[in-house]
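Here are a few exercises to work through with the structure open beside you. Try each task before reading its solution.

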Amino acid sequence: MDFNLYNLLSTLIPGFIVLMAGMRLLNFDVNNIPVLPSTAVAFVMGYFINAIGGWLEKFLFWTWGGEPAIQLLEGKNCGRIKFYEVEKLKSFFNTEENINNKKTFQIAMRLSNGNERVSDMNVSYVFSRSILTTLLVAYFILLPVYFKNIYFEIISIFLIFLSWYRAKERGFYYVKEVLTATINIKEGR
């Protein structure tokens, strides 16, 4: 297993946030926790946060109105994110019978595999999804402590909505990059 900077940060940051929320719930003093064991615990917590984020993906897609790939291939957009070359992309795959948008995207993912920009956009999407999951988990951990605090509710809802929308944007950017890279590959660029 190769631990690169992304893997460490995308696991440690959510893990430490949830660890701090749990320590606040249990009234543990942060200064009394040794660094190395807390880092290990945060890494494991972050690992499970990433897993939960992956499991929640279909629910996220539902809240976004469908999968970003299907939406872009149907000509829909997410704010300013739109894919304008749907017909050009589909023309590359018109020789295959019964190809739907989901299959088109799966083929495009396979073709663009190894493209550095596509990989970076995927990392950005997964990190955004992980931050959203982290905020949801931390909210429910801290809710018993701050359930009467209106500022906690307002700030939490604002941050959760903001991270939800940012994860949506990152998902659309990732899909757009996959589709664009596929066109470039097919055109020999």
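**Exercise 1. Find which element has the lowest mean pLDDT and which the highest.**

Solution. This is a predicted model, and pLDDT is the predictor's confidence in each residue, from 0 to 100. Start with the whole chain: its mean pLDDT is 90, and 95% of its residues reach 70 or more. Now go to the elements. Helix α5 (residues 86-92) has the lowest mean, 83, while helix α3 (residues 57-63) has the highest, 96.

**Exercise 2. Compare the span of helix α1 with the expected value, then say what its buried residues pack against.**

Solution. Helix α1 covers residues 5-25, which gives 21 residues. The expected span takes 1.5 Å times one less than the number of residues, and for α1 that comes to 30 Å. From first C-alpha to last, the helix reaches 30 Å, close to that expectation.

Next, look for residues under 20% relative accessible area, the cut-off for buried. In α1 they are Ser10, Thr11, Leu12, Pro14, Gly15, Val18, Leu19, Ala21, Gly22 and Met23. These buried residues pack against α2 and α7. Just past the helix, α1 is followed by asparagine 27, which has a positive phi, near 60°.

**Exercise 3. Decide how α2 and α7 are oriented to each other, and describe their contact.**

Solution. Take the geometry of the pair to begin with: helix α2 (residues 35-55) and helix α7 (residues 116-146) pack at an angle of about 105°, their axes 9 Å apart. Angles of 65 to 115 degrees count as roughly perpendicular, so α2 and α7 are roughly perpendicular to each other.

Then list the partners. From α2 come Ile49, Asn50, Ile52, Gly53 and Gly54, and they meet Arg129, Ser130, Thr133, Thr134 and Val137 of α7. Sorted by character, the residues of this contact are three nonpolar, six polar and one charged.

**Exercise 4. Classify glutamate 116 and glycine 75 as buried, partly exposed or exposed.**

Solution. Exposed means over 50% relative accessible area, and partly exposed lies between that and the 20% limit for buried. Glutamate 116 lies in helix α7; its relative accessibility is 60%, so glutamate 116 is exposed. Glycine 75 sits in the loop between α4 (68-73) and α5, and because its value is 30%, glycine 75 is partly exposed.

To finish, check two distances between C-alpha atoms. Glutamate 116 and tyrosine 165 are 49 residues apart along the chain and separated by 24 Å. Glycine 75 and tyrosine 6 are 69 residues apart along the chain, with a separation of 32 Å.

Definitions and conventions
Residues numbered from 1 in each chain as written. Predicted model: local features only at pLDDT ≥ 70, side-chain atom pairs only at ≥ 80, totals over all residues. Heavy atoms only, no water. Axes fitted to C-alpha atoms, helices over the stretch in contact; angles between N-to-C directions. Helix = DSSP H or I, 4+ residues; strand = E, 2+ residues; numbered from the N terminus. Parallel < 35°, antiparallel > 145°, perpendicular 65-115°, else oblique. Contact = heavy atoms within 4.5 Å. Nonpolar A, V, L, I, M, F, W, Y, C, P; charged D, E, K, R; others polar. Buried < 20%, exposed > 50% of the residue type's maximum accessible area, 1.4 Å probe, protein only.
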